[in-house]
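Colleague: Before I use this model, I would like to hear how each label attached to it was reached, with the value set against the criterion in every case.

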Amino acid sequence: SNLIPNLKKMLSATKKISFMKPKKLSLDEKINKPGGLPQETVKPSKQISLKKHKLDLQSKFNQVSNIPRNFIYRLKNLNKKHRTLGIAFIVLIIVFIGSLFVISQNKKVKVAKENFQEKITAVEDKINSAEAALIYQDEEAAANSLTEARSLLAAIPQEKEEHVQIYNELDEKLRITLDEIYHIYQIEPSLIVDLNQLNSDGNVIELIKNQDNLFALTDNDLLYRINTNEKSYTQLSSEANYIQAKNWDDDNLIFLNEENKFATYNIPENTFSLKPTDFSAYTPEVWNIYTDKIYLVDKEKKQILKLSRPLSEAPQIANWFKDDPLLLENINSLLIDGDIWLTSTDGKIYRMFKGRNQNFTIKDLNKDLGTDIEMYTETDWQKLYILDKQNSRLILLTKGGSVEKQLKNEKFSKCTDLNINNNQTKAWLNCEDEVMQVEL
């Protein structure tokens, strides 16, 4: 009260400051008011009222603005005892206000921690539910729980380093559980031979399986045999001037040259034999062998041709495809196991029977196939093997479309020429001229 004696008076005065309209007078009051206007011309003077309020406001503002100066002045003029009490009082007010702020902040921090922990617990509960469902092989329920866990995890704040660490730990736990649902396994392929060590500038353009041996054709006309057991290789020929190669039978490989002529290579005798048939009228970019016949996709004619006795002077050529010609526009590989399997550059797989599409679909795949795939199977096999380069995975599935395994490794994105050994226990790949082996 010594420091600010007029505080109460000033606070009450500020309440009176208002921009409310002045009280309306009745018509009689306006007429009877001294100096009032005649009845027909009486109107309230808004300009005078606003001017008065402006002056009142200015006066109150001046009073408020003088408070700090008056306060300091009065503080200096107090005696020592009162000045000490005044300063102590001010310090106590500051400490009190500061303590209120600290308490408020602590409460906010406590509530934030509780909310964060509740969200963490909710995510962990959903992951635990998914793991429990997997014990009973209920993959659908497990997938639903993990979908909910993913949504809850996305709502967790990552403002602090410890929050980021907890988030990453939960995300990794969720990924591992999700991999278990979709049979995804991280694997590491092993090196069989490194053809980059060859004293040539050639690159491998085709890796061919014959029984359980591999043959590598390079773009500088070299042909190598690769012993997968001994992890060694031997050069067989430097005159392999061909652009594609397949396995013909146990003793022979078959090659296609740039003039669309076929040649066979006899493995025991190490000799090439060019065949007389000229297929230059066709464009056999995509072809394969089934028993003693060749099936090739002619994209220009939008047809799959069946070549009987293809190595003779008079082969028989017949149209085999009976479905929509547009289906063949993007085909990039062909396999035969009794049915014909086609893969396309847009990541689709077609199963053809007697020339017609059987609408093959893959079930329980966590991510659609990429646009660059290769496939391998053989007659009487129950499985298909798909190299999905875009998603860095090797997929094992039944011919009914059910996924059994997904083997993942980043190296797969740079691999080609998928081959599977006869016992279906190993996969062989050409990964930038490194021949790699994957345990299946």
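Modeller: What follows takes the helices, the sheets and some single residues in turn, and the model is a predicted one.

Colleague: Let us begin with the helices, then; why are H5 and H6 called roughly antiparallel to each other?

Modeller: The axes of helix H5 (residues 80-135) and helix H6 (residues 139-154) come within 8 Å and cross at roughly 165 degrees. Angles over 145 degrees count as roughly antiparallel, and H5 and H6 are therefore given that description. As for the sense of the crossing, H5 passes H6 in a left-handed one.

Colleague: Which residues make the contact, and how do they divide into nonpolar, polar and charged?

Modeller: On the H5 side the contact includes Ala 122, Val 123, Lys 126 and Ile 127, and on the H6 side the residues include Glu 139, Ala 141, Leu 152 and Leu 153. The residues of the contact of H5 with H6 divide into 12 nonpolar, 2 polar and 3 charged.

Colleague: Turning to the strands, what makes E3 and E6 the edge strands of their sheet?

Modeller: The open sheet has 4 strands in the order E3-E4-E5-E6, with antiparallel pairing. Strand E3 (204-210) and strand E6 (232-237) each pair on one side only, and these are the edge strands. Neighbouring strands of this sheet are turned by 25 degrees against each other on average, with direction ignored.

Colleague: How do you know that E5 and E6 pair?

Modeller: Two strands count as paired if at least two bridges are found between them, and strand E5 (residues 223-227) is joined to E6 by 5 bridges, the two running antiparallel. One of the partnerships can be named, since Arg 225 has Thr 234 in E6 as its bridge partner.

Colleague: What is the strand order in the open sheet that contains E23, and which strands are at its edges?

Modeller: That sheet of 4 strands has the order E2-E25-E24-E23, again with antiparallel pairing. Its edge strands are strand E2 (190-194) and E23, each of which pairs on one side only. E2 and strand E25 (residues 434-439) pair in the antiparallel sense over 4 bridges, and Leu 191 has Met 436 in E25 as its bridge partner.

Colleague: Why is E23 described as largely enclosed by the rest of the structure?

Modeller: Buried means under 20% relative accessible area, and 5 of the 6 residues of strand E23 (residues 415-420) are buried, so the strand is largely enclosed by the rest of the structure. E23 also pairs with strand E24 (residues 426-431) in the antiparallel sense over 4 bridges, with Ile 420 standing opposite Ala 427 in E24. The two strands form a hairpin with 5 residues between them, and Gln 424 in the turn has a positive phi of about 55 degrees.

Colleague: Which strands does E22 pair with, and in which sense?

Modeller: Strand E1 (residues 184-186) is joined to strand E22 (residues 403-408) by 3 bridges and runs parallel to it, whereas strand E21 (residues 393-398) is joined to E22 by 5 bridges and runs antiparallel. In E22, Leu 407 is the bridge partner of Tyr 185, and Lys 408 is that of Arg 393. E21 and E22 form a hairpin with 4 residues between them, in whose turn Gly 401 has a positive phi of about 100 degrees.

Colleague: Now the single residues; why does Trp 320 count as buried?

Modeller: The cut-off is under 20% relative accessible area, and at 15% Trp 320 counts as buried. Trp 320 lies in the loop between strand E14 (316-319) and strand E15 (331-336). Residues that Trp 320 touches include Tyr 295, Ile 340, Met 352 and Phe 353. Lys 354 is 34 residues away along the chain, with the two C-alpha atoms separated by 7.5 Å.

Colleague: And what makes Glu 374 a buried residue?

Modeller: Its relative accessible area is 18%, and Glu 374 is buried by the criterion of under 20%. Glu 374 is found in strand E19 (residues 373-376), and among the residues it touches are Tyr 385, Lys 389, Thr 416 and Asp 417. Glu 374 and Asn 332 are 42 residues apart in sequence and 8.6 Å apart in space, C-alpha to C-alpha.

Technical notes. Residues numbered from 1 in each chain as written. Predicted model: local features only at pLDDT ≥ 70, side-chain atom pairs only at ≥ 80, totals over all residues. Heavy atoms only, no water. Axes fitted to C-alpha atoms, helices over the stretch in contact; angles between N-to-C directions. Buried < 20%, exposed > 50% of the residue type's maximum accessible area, 1.4 Å probe, protein only. Contact = heavy atoms within 4.5 Å. Parallel < 35°, antiparallel > 145°, perpendicular 65-115°, else oblique. Left-handed = near helix turned anticlockwise from the far one by under 90°. Nonpolar A, V, L, I, M, F, W, Y, C, P; charged D, E, K, R; others polar. Lists of a residue's contacts leave out its neighbours within four places in sequence.
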